[in-house]
Amino acid sequence: MMKRMIYQKLVSCFVTGIILIGMVVFLLLPKKTFSEQENQELERFPKFSKEAVLDGSFIEGLEAYLCDHFPLRNSFLNIKTQFEKLLGKKEINEVYLAKDGYLIEKYKEPVNNEKVIRVFNSFANSLQTAECYVMLAPTAITIYQDKLPVFVDGSRQEENRQYLMEQMNTKVIDIGGILKEHASEYPLYYRLDHHWTGYGAYFAYRVFCEELGLPARELEEYQISEITKEFKGTIYSKVCDFSAKGDSITLFQLPEQKLKVTYVDTEEVTDSLYELEYLDKKDKYSLFLNNIHPLVEIENLEIQSQEELVIVKDSYANCFVPFLTEYYRKIYVVDTRYYRLPISTFINENPAIKNVLILYNMNTIDTDLGVGGIY
Amino acid sequence: MVFSSIPFLFFFLPLFFLLYYLVPFRAKNYVLLVFSLLFYAWGEPIYILLMVLSSVIDYSIGRLMDRYDKVFWIRTCLLCASIFANLSILGFFKYADFFIETINLIAHTSIPTLDLPLPIGISFFTFQTMSYSIDLYRREVKVEKNFFSFMTYVSMFPQLIAGPIVRFSTVNEELHNRVIDFRGFYQGSFRFLQGLIKKVLLANQMGALWNMIQGQPYGTISVLTAWLGAVAFTLQLYFDFSAYSDMAIGMGQMMGFHYLENFNYPLCAKSVTEFWRRWHISLSTWFRDYVYISLGGNRKGIIKQIRNIAIVWFLTGMWHGASWNYILWGVYYGILLILEKFIWGKALKRWPKILQHGYTFLIVVVGFTVFVFEDWKKLGQYMQQMIGLAGNRFVSTEFLYHFRNYGVLFLCCIVLAMPFYPWLIKQIQRMKRSRIERLLKGCFAFGYIALFILVVAFLVSDTYNPFLYFRF
């Protein structure tokens, strides 16, 4: 009878061992407060108080804290992902495992359409002299629809983008066509991050120039440099698939430009649009315009034009702005999630501002609170 | 606190067992009691008083019954008092709002509801304490004189929040005298691990599939997808519930207690009658022994028997939650059981086996579809989609997509819902001491360890991990 139990014994001892080791390691391990991997603050140890215990919030906080700080958390996530891949799963944590190594975020049914339309239109109406343009950037789910797993219908985002563009009473810059056209030619989106690449931004810039009657440059005119091949961005963090190959980040520069970039909130002044120290960190996309700032002012010091531009935007604009610096004496880049002053008043008080561009991607436009801050 | 969570698995459980094994025997019940109260307080700090109250009542009633052992009417009054007290606690905390809403609906009044949060496990512990009083009245158990031992019985954390309903007679002896050895530890922890794997890797995944399907807008899912969803929910409930029982039985074993089995492959029953002999056994036997038999069972003629079955199944439905769909679900089974007993039960036995299985499975899946929707409108809509009356197609690409994502696990669940695993173990044991036997056992051991690591990976990544019994 005892003989029969040998393998149960083995399993039982091993599991007990893992649990005990897990407990001890957890208690001894130093705790981080910020996860580079997920680019967000980790749960802190919940405050202990009578109220928190009684209403259950202490316990909830404790559970989240334990999960966030669990030893080897990423390795465990990776194990889970590999297992699910083995089972043939094509969707993990609301991310599609698409072809050619693309991880593509699911498009959630929009819930804020009417609010977006109202905010954009009232904002445009309140502008006196400046001309307002809206650019809605599709995400990879639209442009790389053919890479989605079989049976997944990725057309909803484009449908909604068309609807939103029809409802705007501003000028609309439709970049869907050109991106589709070049989708197989260049990597327009990162495989592991939710942003578009420099190529994606470049083709958007072509349409922008066309709409505004500006002369656009050919790709060859830029000094193109691949600064890393190891970029594993936000979608990667959701899935944590260790076997995924990193993305390249490519810069498109005009070396003769002399710029002055001012980060108004931190009063930092520099001459570059890129903060290359982010290359050593996980969130490498932040090298464009130094991640998030409520207001960035970019001055071109050697230009005749007196025209100025305001960009109201999400992070998609961070790698798009570099293409525009040669056309405007000054560009104000406004992130309305953090910029709390009325933008339209600011624009109306500065007659030099000739154009306003609203640039959002189709995911953040519905989910980001920043849109509400526009007007 | 649920068993399948990081805090329980990596802190509560090891700390408890370290202490439990270290202290001398007479202190073990106290350790168990303190940890059980902590466990309950983890989610329900205030309602712990309710559980203590219920224990105090039934403990005192037990002592009094013992004292007035010879006086029949006092014993009867005490029994009534116990049942009244427990049903009042249950009725007030679980059903008050349900009654109020029903009265409001019928009489067009607007009595405000109480909106009390439901104390977790209330249906389990009140049924346990009641079983003690009734058994004592029937002289089937001996009185418990030590309050702390009794409280330990009521609050024992393994079965506190999701069953099985452990009767006092099952653990009576072991409360005072039990063998705690390595054998129990190995077997118990192995059983616990099996339950944990079932819950995290099977039940939760089926739950995620069901959640995805039932969240789709009305009319957009095909008939096959609707059925896939309904079967997925059935599998989720079975694996979830039986996993909790496995974990409870396993932890009990590690402590030296031997609970009764609660599930016995219900999904491959050949009739509804058989299904209920295999599903949530501790509940159906509770109702059988304390309600059905008390009412006279089948000994007082067919009419009374039908009445008794009807009452039992109305109550069984109601026990599962304070909402009409649970009652409908209970009545549905009551009717089917009556029909099987008196009309087609015998004919059913002559059918080919596969049809008997199919018939039962179909009834069970439809039953759980009624069970899952508390909202009548949603239930109606989902049923329409299942029979294709929602203008939906029979099959569409989204069915293939769901199947692609969850198909492997779905099929695993189907296989494991049949007694395939015990069969396999038996086959392996038959190859006595052969090399293949050792090899296969090695594979099993390795497999279980790997599955445990997967379980941790799933728990750490915070995936869908619901607790289904908060309505019980």
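What volume does the second largest pocket have? In this predicted model, the answer is about 1400 Å³. The legends below start with that pocket and then move on to the interface and the enclosed spaces.

**Figure 1. A close-up of the second largest pocket, which is lined by 40 residues.** If you would like to centre your own view, start from B:Q194, B:Y265, B:L416, B:Y421 and B:Y448, the lining residues that lie nearest the centre of this pocket.

**Figure 2. Helices of chain A and chain B in the lining of the second largest pocket.** From chain A, α1 (6-28) and α4 (73-86) each supply at least two residues of this lining. From chain B, α9, α10 (223-255), α17, α18 and α19 each do so too. The most comes from α9(B), which gives eight residues to the lining. Sorted by class, the lining of the second largest pocket holds 25 nonpolar, 10 polar and five charged residues.

**Figure 3. The interface of chain B and chain A, with about 4600 Å² buried between the two chains.** Carbon and sulfur atoms give 77% of that buried area. The contact draws on 48 residues of chain B and 47 residues of chain A. For anyone setting up electrostatics, zero salt bridges are found across this interface, while five residue pairs are in polar contact, with both residues at pLDDT 80 or more.

**Figure 4. The side of chain B that touches chain A, shown by its elements.** Here α1 (6-22), α9 (182-214), α17 (397-416), α18 (420-430) and α19 (435-460) of chain B each supply at least two residues. Look for α19(B) in particular: with 13 residues, α19(B) gives the most to this side. The residues of chain B that touch chain A divide into 35 nonpolar, eight polar and five charged.

**Figure 5. The largest cavity, with a volume of about 80 Å³.** There are 14 residues lining this cavity, and A:T139, A:A140, A:D193, A:H194 and A:I235 are the closest to its centre. Two elements of chain A, β5 (103-105) and α6 (140-143), give two or more residues to the lining. Of the elements, β5(A) gives the most, with three residues. By class, the lining of the largest cavity has eight nonpolar, four polar and two charged residues. To put this view in context, the model has seven cavities of 30 Å³ or more.

Definitions and conventions:
Residues numbered from 1 in each chain as written. Chains lettered and ligands numbered in written order. Predicted model: local features only at pLDDT ≥ 70, side-chain atom pairs only at ≥ 80, totals over all residues. Heavy atoms only, no water. 1 Å grid on protein atoms, 1.4 Å probe; cavity = no way out; pocket = protein on both sides within 12 Å on 5 of 7 lines; lining within 4 Å. Points joined across faces, edges and corners; volume = space filled by probe spheres on them. Helix = DSSP H or I, 4+ residues; strand = E, 2+ residues; numbered from the N terminus. Nonpolar A, V, L, I, M, F, W, Y, C, P; charged D, E, K, R; others polar. Contact = heavy atoms within 4.5 Å. Buried area = accessible area lost by both parts, 1.4 Å probe. Salt bridge = Lys/Arg side-chain N within 4 Å of Asp/Glu carboxyl O. Polar contact = N/O pair within 3.5 Å; in protein donor to acceptor, adjacent residues only side chain to side chain.
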